[in-house]
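Reader: Hey, I've got a structure open and I'm a bit lost. Can you walk me through it?

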Amino acid sequence: MTETAVWFSYVVVYGFTIGYLVSLVRRDRVQRDRAGDR
Amino acid sequence: MNLRYALTAAALVALAIGFWLAAGTPPDAVQGEYVRIIHVHVPSSWVAFLAFGGTLLGSAGWLITKRARFDHYAAASAELGVFFTALSLLTGMIWGYVTWGIAWDWGDARMSSTALMFFVYLGYLALRRATLNPVDRARRSAILGIVAFVQVPLVYFSVVLFRTLHQTPSITTEGSTMESSTLRAMLFGLFAFTLAYAAFTTWRTRQLIIEAELTATDAEHAGSAVTAPTLGGRP
């Protein structure tokens with residue numbers, strides 16, 4: 001139980017933080033392409 | 001490499017070092033391994049406060065200068081604040097469940113005030129989505145962004161003002177009660193997540209600026225025939 005609770009907290013915070021950051025970088029590329037098509 | 005990529009790379013490296021430092025800290029005499037949760041819970045709370053401070057500054061900046069960039073920064077910062085408040089609430093609930101035996105207590109001042117802050121800033125984001133005119137949206141959300149910040153010091157000092165379940169601050173002006181390597185890892189975690197906040201806001205603010213420009217171009221091309229209905233109000 002101890003390790004599960006600790007690891008779950010780390011996976012949630014690090015996973016969501018890094019995932020969100022990477023998604024913003026990827027979204028920027030898509031948006032740049034969209035703006036370039038105009 | 002531009003500033004955004006440099007900040008993102010620096011944030012990712014700092015987060016990895018923060019994780020490594022947290023993994024190397026000893027278990028607590030009372031809490032055991034559960035003490036490691038503070039290395040993600042405290043930085044999440046800190047970034048949430050920082051982000052709502054950013055929303056306050058962006059809102060004041062827009063009201064003073066009327067420059068759209070401030071409004072976009074305020075919005076980007078509020079999104080991050082809500083995101084990190086959710087992470088803080090979740091990790092706090094996990095920690096509470098394993099150490100106190102309950103995940104949530106409405107009688108606790110810190111938990112209740114944080115939940116209230118979370119919903120008020122969710123309301124801020126809803127207000128932005130509900131207002132179509134960019135100037136009206138910027139004005140209304142700037143006022144809310146300033147008023148809502150009152151909650152941040154209330155949430156922070158709630159553990160001092162009301163003695164309920166949540167512990168008082170471990171770091172004060174008189175020093176810290178924490179073990180030295182645990183304190184070092186936590187302070188580095190605060191730095192790493194602050195860098196992540198800087199990276200987040202630079203990307204997200206830029207995206208909101210480009211989105212606004214694209215929306216303006218779309219409206220220009222489409223003409224007034226597709227303007228959203230105003231339900232009898234002023235356009």
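Author: Sure, we'll go through the contact between the chains, then the rings, the salt bridges and a couple of single residues. Keep in mind that this is a predicted model.

Reader: Okay, how many residues does each chain put into the contact?

Author: Chain A gives 26 residues and chain B gives 36 residues. Between them the two chains bury about 3,100 Å², and 73% of that is on carbon and sulfur atoms. On the chain A side, the residues that lose the most area to chain B are Y10(A), Y14(A) and L21(A), together 20% of what that side buries.

Reader: And how many salt bridges and polar contacts are there between chain A and chain B?

Author: The count is 2 salt bridges between chain A and chain B. For polar contacts, 7 residue pairs turn up across that interface. As for the side of chain A that touches chain B, its residues divide into 16 nonpolar, 4 polar and 6 charged.

Reader: Which residue does D28(A) form a salt bridge with?

Author: D28(A) pairs with R206(B), and their closest N and O atoms are 2.7 Å apart. D28(A) sits in helix α1 (residues 2–37) of chain A while R206(B) is in helix α7 of chain B, so this pair joins two chains.

Reader: Is D28(A) buried or exposed?

Author: Buried: the relative accessibility of D28(A) is 0%.

Reader: How many salt bridges does the structure hold over all chains?

Author: There are 7 over all chains. One of them links E33(B) and R36(B), with the closest N and O atoms 2.6 Å apart. E33(B) counts as partly exposed at 28% relative accessibility, whereas R36(B) is buried at 12%.

Reader: Got another one?

Author: Yep, R204(B) forms a salt bridge with E211(B), where the closest N and O atoms are 4.0 Å apart. R204(B) is buried, with a relative accessible area of 8%, and E211(B) is partly exposed at 24%. Salt bridges with shared partners tie R204(B) and E211(B) into one network with R27(A) and E79(B).

Reader: Switching topic: how many aromatic pairs are there over all chains?

Author: A search of the whole structure gives 20 aromatic pairs. Take F84(B) and F200(B): their ring centres are 6.0 Å apart and their planes are at 75 degrees, so the pair is edge-to-face.

Reader: Why does that angle make it edge-to-face?

Author: The label goes to planes over 60 degrees apart. At 75 degrees, F84(B) and F200(B) get it.

Reader: Where in chain B are F84(B) and F200(B)?

Author: F84(B) is in helix α3 (residues 68–99) and F200(B) is in helix α7 (residues 180–222), so the pair links distant parts of the chain, 116 residues apart. F84(B) is buried, at a relative accessible area of 0%, and F200(B) is buried at 0% too.

Reader: What about Y156(B) and F157(B)? How are their rings arranged?

Author: Their ring centres are 5.0 Å apart and the planes are at 90 degrees, so Y156(B) and F157(B) are an edge-to-face pair. Y156(B) is partly exposed, with a relative accessible area of 34%, and F157(B) is partly exposed at 43%.

Reader: Which residues do ring pairs link into a cluster?

Author: From chain A, W7(A), Y10(A), Y14(A) and Y20(A). From chain B, F19(B), F83(B), F84(B), F193(B) and F200(B). You've already met Y10(A) and Y14(A) among the residues of chain A that lose the most area to chain B.

Reader: Cool. I clicked on H41(B) at random. What does H41(B) touch?

Author: H41(B) touches S88(B), T91(B), G92(B) and H166(B), leaving out residues up to four places away in sequence. The side chains of H41(B) and T91(B) are also joined by a polar contact of 3.1 Å. H41(B) lies in helix α2 (residues 38–65) of chain B, and H41(B) is buried, with a relative accessible area of 18%.

Reader: Last one: where is T168(B) found?

Author: T168(B) is in the loop between α6 (151–161) and β1 (171–172) of chain B. T168(B) is partly exposed at 37% relative accessibility. Not counting residues up to four places away in sequence, T168(B) touches V159(B) and R163(B).

Methods. Residues numbered from 1 in each chain as written. Chains lettered and ligands numbered in written order. Predicted model: local features only at pLDDT ≥ 70, side-chain atom pairs only at ≥ 80, totals over all residues. Heavy atoms only, no water. Contact = heavy atoms within 4.5 Å. Buried area = accessible area lost by both parts, 1.4 Å probe. Salt bridge = Lys/Arg side-chain N within 4 Å of Asp/Glu carboxyl O. Polar contact = N/O pair within 3.5 Å; in protein donor to acceptor, adjacent residues only side chain to side chain. Nonpolar A, V, L, I, M, F, W, Y, C, P; charged D, E, K, R; others polar. Phe/Tyr/Trp six-rings, centres within 6.5 Å; stacked < 30°, edge-to-face > 60°. Helix = DSSP H or I, 4+ residues; strand = E, 2+ residues; numbered from the N terminus. Buried < 20%, exposed > 50% of the residue type's maximum accessible area, 1.4 Å probe, protein only.
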